[in-house]
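Subject: A structure for you to look at

Hello,

Here is the structure I promised to pass on to you. Please open it and keep it beside this email while you read.

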Amino acid sequence: SLIKNKGVRGGLILLMALDLAAIYYSKTRAAWIGLIFAGLLAIGWKIGFRKIRWAGWLGIIILAGFFIWQTKTIWARDQAHLLIWRDTIKMARRHPVTGVGLGAFHTNFIQFAGEDLKAKWPQGEFIVNYAHNEYLQSLAEGGLLGFLSFLLIILAVFRFQFSSTDPPGSSILFYGILALLIQNFFSVDMRFSISFALTFILIGLRVVPERGPILEPPVYGAIPRIPTFFALAGSAIWLFFMGNVVLPQMKKPYLAQKAVSGQKDFFDERLLDPAKTVTDLERLAVQYPKEPSVLERLAFVYAKEIKTSSGDINRAMAGKAIEAYKKIIKIDPERMGAYNNLGNIYYTLGQVDEAISSWTKAVAIQPQFIDGHLNLGKILYLKGRLKESAAHFDKALQIDPKNSEAIVYLRKMVE
């Protein structure tokens with residue numbers, strides 16, 4: 001009945017055109033494969049392959065050939081899917097029942113990555129954050145229990161489709177579901193909110209009866225009518241839940257990204273009169289050589305002048321800052337801030353191991369020191385040590401559940 005309505009039909013055609021354009025410009029091979037296979041199956045079920053004349057097949061072949069030629073550089077990309085699948089299976093075999101944990105693929109995969117895969121995607125330069133196959137990833141993360149739970153939903157959809165009173169393949173919604181399921185054999189798009197929501201919305205729409213009274217759906221028989229009061233109350237609860245729980249969680253990463261992008265770097269803020277400030281503090285440091293607060297202020301001023309206005313590194317000033325912070329630590333070994341700022345300087349100079357050592361000492365002195373955990377999380381992320389990185393970001397979120405940097409970096413690990 002929907003398709004007979006010209007207005008609805010025109011809207012659906014427009015949406016299909018926009019969807020095709022979006023799929024083309026997204027350059028997602030998995031989506032293309034899903035669309036092509038689902039389209040061919042739809043032709044076979046709805047029309048019948050034998051009813052298509054040679055001219056029709058020729059047109060399909062020419063159109064497919066033109067599309068493949070136009071996108072040949074994308075098809076030629078080698079993302080090492082087969083190697084990743086192989087190593088994901090190794091992970092699943094090591095944890096066959098419960099898996100490594102939902103959402104824990106990226107922090108555990110490096111333990112199972114083969115040398116050939118590491119050579120292609122070097123640790124510290126690239127992150128293999130997904131299995132590029134939803135079914136294998138579900139098996140690796142959730143084990144047989146999680147995988148079978150996911151598989152049962154898919155089997156239920158197919159059972160409904162082929163046991164329905166409608167002819168097999170008669171619903172265009174089923175073709176959309178099928179395209180998404182095929183796509184996710186080469187991708188994990190269902191891990192992203194849009195693809196996940198679209199898949200289950202289509203499943204929900206498909207199982208709603210297409211003909212006959214709403215209370216007498218095919219196969220399952222009649223169901224009792226829900227009283228109006230309970231229906232309205234249930235709808236209100238659902239809307240409240242979506243508006244106050246689901247949507248804020250969906251917006252959280254994007255708001256965090258906006259907050260982080262607006263932050264200034266420590267070395268971007270410069271002193272108005274650095275020469276005079278340094279001279280005055282150096283004079284005080286001579287008078288009070290054992291006073292940590294004076295040395296800390298001097299070291300801070302040195303650190304602010306490490307980066308010149310042109311963005312270069314003033315190594316002489318960096319050396320003075322390091323020396324000052326080391327003096328502070330010698331006087332007061334529990335001076336957590338000195339270790340943290342020393343780590344910042346080492347990181348700026350490219351001395352990564354020294355930076356990690358300093359920040360580790362800072363959080364050892366004060367486990368609730370959020371900046372230390374964030375610094376360690378970021379540098380370990382860049383080195384490809386994702387499990388350790390995620391632990392520090394998780395700790396930061398325990399201290400401050402709304403911390404933007406921790407939210408952004410944890411999201412980066414799975415993008």
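Below is what was found in it, from the whole chain down to single residues.

**The whole chain**

Please keep in mind that this is a predicted model. The protein has 415 residues, and buried residues make up 35% of them. Its secondary structure comes to 19 helices and zero strands. If you take the contacts between residues at least 6 apart in sequence, 62% of them join residues at least 24 apart.

**Two pairs of helices**

Let us begin with how helices sit against each other. Two packed helices are described by the angle between their axes and by the distance between those axes.

The pair to find now is α15, which covers residues 336-348, and α16, which covers residues 352-365. These two pack at an angle of about 160°, and their axes are 8 Å apart. Do α15 and α16 run roughly parallel or roughly antiparallel to each other? Angles over 145 degrees count as roughly antiparallel, and α15 and α16 are therefore roughly antiparallel. The crossing in which α15 passes α16 is left-handed. On the α15 side, the residues that make the contact are Met-336, Tyr-339, Asn-340, Leu-342, Gly-343, Asn-344, Tyr-346 and Tyr-347. On the α16 side they are Glu-354, Ala-355, Ser-358, Trp-359, Lys-361, Ala-362 and Ile-365. Sorted by class, the residues of this contact are nine nonpolar, four polar and two charged.

Now turn to α17 and α19, which pack at an angle of about 20° with their axes 11 Å apart. Angles under 35 degrees count as roughly parallel, so α17 and α19 are roughly parallel to each other. Their crossing is left-handed. Leu-374, Lys-378 and Tyr-381 in α17 meet Glu-405, Ala-406, Tyr-409 and Lys-412 in α19. The residues of this contact divide into four nonpolar, no polar and three charged.

**Salt bridges**

How many salt bridges does the structure hold? There are seven salt bridges in the structure, and here are some to look up.

One of them belongs to the helix pair you have just seen: the side chains of Lys-378 and Glu-405 meet in a salt bridge, at 2.7 Å from N to O. This pair links distant parts of the chain, with Lys-378 in helix α17 (residues 370-382) and Glu-405 in helix α19 (residues 404-412), 27 residues apart. Is Glu-405 buried or exposed? Glu-405 has a relative accessible area of 15%, and it is therefore buried, since buried means under 20%.

Another salt bridge joins Lys-90 and Asp-87, whose closest N and O atoms are 3.2 Å apart. Lys-90 and Asp-87 are three residues apart in helix α5, so about one helical turn separates them. Their surroundings are worth a look too: Lys-90 counts as partly exposed at 37% relative accessibility, whereas Asp-87 counts as buried at 0%. Both residues also belong to a network of salt bridges that links Arg-86, Asp-87, Lys-90 and Asp-116.

Lys-118 and Glu-115 form a salt bridge as well, and their closest N and O atoms are 3.9 Å apart. Here again the spacing is three residues, this time in helix α7 (residues 115-120), so Lys-118 and Glu-115 are separated by about one helical turn. Lys-118 is partly exposed, with a relative accessible area of 26%, while Glu-115 is exposed, with 59%.

**Two single residues**

Arg-93 is found in helix α5, which spans residues 81-94. What does its accessibility tell you? At 67% relative accessibility, Arg-93 counts as exposed, because exposed means over 50%. Arg-93 and Ala-140 are 47 residues apart in sequence, and their C-alpha atoms are 8.0 Å apart in space.

Last comes His-132, which lies in the loop between α7 and α8. Its phi is near 55°, a positive value in a residue other than glycine. His-132 is partly exposed, with a relative accessible area of 21%.

Enjoy exploring the structure!

Best wishes

Notes
Residues are numbered from 1 along each chain as its sequence is written. This is a predicted model: local features need pLDDT of at least 70, side-chain atom pairs count only at pLDDT 80 or more; totals for chains, interfaces and linings use all residues. Side-chain values use heavy atoms; hydrogens and water are left out. Axes are lines fitted to C-alpha atoms, for helices over the stretch in contact, and angles run from 0 to 180 degrees between N-to-C directions. Helices (H or I, at least four residues) and strands (E, at least two) are DSSP runs, numbered from the N terminus. Angles under 35 degrees count as roughly parallel, over 145 as roughly antiparallel, 65 to 115 as roughly perpendicular and the rest as oblique. A crossing is left-handed if the near helix is turned anticlockwise from the far one by less than a right angle, and right-handed if clockwise. Contact means heavy atoms within 4.5 Å. Ala, Val, Leu, Ile, Met, Phe, Trp, Tyr, Cys and Pro count as nonpolar, Asp, Glu, Lys and Arg as charged, and the others, Gly among them, as polar. Buried means under 20% relative accessible area, exposed over 50%, partly exposed in between (1.4 Å probe, protein chains only). A salt bridge is a side-chain nitrogen of Lys or Arg within 4 Å of a carboxyl oxygen of Asp or Glu.
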